[in-house]
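Let's take a walk through this one together, a strand at a time. Have the fold up on your screen and follow along.

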Amino acid sequence: MRILIVEDEPDLLAGLAKALREEGYAVDSANDGEDGLYKAENYDYDAVVLDVMLPKLDGWEILARLRKIKKTPVLMLTARDQSRDRVRGLDTGADDYVVKPFDLPELFARLRALIRRTANKTTNLIEIGDVKIDTAARNVSLTDKPVELTAREYSLVEFLALHRGEVVTRTQLYEHLFDENDDTFSNLLDVHVSNVRKKLGAEFITTRRGHGYCIE
Ligand code: CA
């Protein structure tokens, strides 16, 4: 899952980016409104964490412009005493908000819920045959035995599982599993797919030649 954070306070931006990477997300960042809008329009993020008060373009303007072209889930960061902001945010098309200063676990939970809702899932648990994926705990089991996956392998499994039955292209996977700081090597994806198959069974991920990958 790839997240964009738009936030102009450097410490908060760096801290949030680090914490989200530790949770296994690919993270891009923008420290002003123009850059944030540019990235949100041009990349296909799983969610955007958007501060309200930003230089160049504020969060409202970004949200309004983005909503004209995309439904990317947006979580607004609002100030404590601006309850009007929250109403305005939800009216303008924000999917959720947290009030600064916020708890990281709360922000993580809200992001997971947003991503889940976008994929039309109501629980944290996804079952595919003998494979169970817990998207809150970020763990996977096979016939009720825990399976050790690397962070990238987990992200691959989770993304395909949330798009079960759809063919996901290699380009989509690169966009959602890696961020602007990653060096992408074209064969790396195949290595992750091959490792997941070793751990969860060769049939778990189907290759559609020339199209991409799929979990049936
Ligand atoms: Ca700000």
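Start with a single pairing: Arg2 has Ala26 of β2 as its bridge partner. Keep in mind that this is a predicted model, so we're reading a computed picture throughout. Arg2 belongs to β1, which covers residues 2–6 and pairs with β2 in the parallel sense over five bridges. Slide along to Val6 and you'll find Ala30 of β2 standing opposite.

Now look across to β1's other neighbour. Strand β3, residues 47–51, runs parallel to β1, and four bridges join the two. Here Ile3 is the residue to pick out, since Ala47 in β3 stands opposite Ile3.

What about the side chains of β1? Arg2, Leu4 and Val6 point one way, Ile3 and Ile5 point the other way, and all of them are buried. With five of its five residues buried, β1 is largely enclosed by the rest of the structure. Note that Arg2 is on that buried list too.

How do you get from β1 to β2? Follow helix α1, residues 10–22: together β1, α1 and β2 make a right-handed β-α-β unit.

Time to zoom out to the whole sheet. There are five strands in an open sheet, ordered β2-β1-β3-β4-β5, and the pairing is parallel. The edges belong to β2 (26–30) and β5 (96–100); each has a single partner strand, so one side of each is left without a neighbour in the sheet. From one strand to the next, the twist averages 20 degrees. As a quick reminder of what holds such an arrangement together, strands of a sheet pair through backbone hydrogen bonds, either parallel or antiparallel.

Last stop: the metal. Which residues act as protein donors of the calcium ion? Asp8 and Asp51 each contribute through OD, while Met53 contributes through O, and these donors lie 2.1 to 2.3 Å from the ion. Along the chain, the donors follow the spacing D-x42-D-x1-M. You've already met the stretch that holds one of them, as β3 covers residues 47–51 and Asp51 is a donor.

Are Asp51 and Met53 buried or exposed? Asp51 counts as buried because its relative accessibility is 4%, under the 20% cut-off. Met53 is exposed, with a relative accessible area of 59%, which puts it over the 50% cut-off. So the calcium donors include a buried residue, Asp51, and an exposed one, Met53.

How values were computed
Residues are numbered from 1 along each chain as its sequence is written. This is a predicted model: local features need pLDDT of at least 70, side-chain atom pairs count only at pLDDT 80 or more; totals for chains, interfaces and linings use all residues. Side-chain values use heavy atoms; hydrogens and water are left out. Donors are N, O and S atoms within 2.8 Å of the metal (3.2 Å for Na, K and Ca); water is not among the atoms, so sites may look incomplete. Buried means under 20% relative accessible area, exposed over 50%, partly exposed in between (1.4 Å probe, protein chains only). Two strands pair if DSSP finds at least two bridges between them. Axes are lines fitted to C-alpha atoms, for helices over the stretch in contact, and angles run from 0 to 180 degrees between N-to-C directions. A crossover is right-handed if, with the strands pointing away from the viewer, the path from the first strand over the helix to the second runs clockwise.
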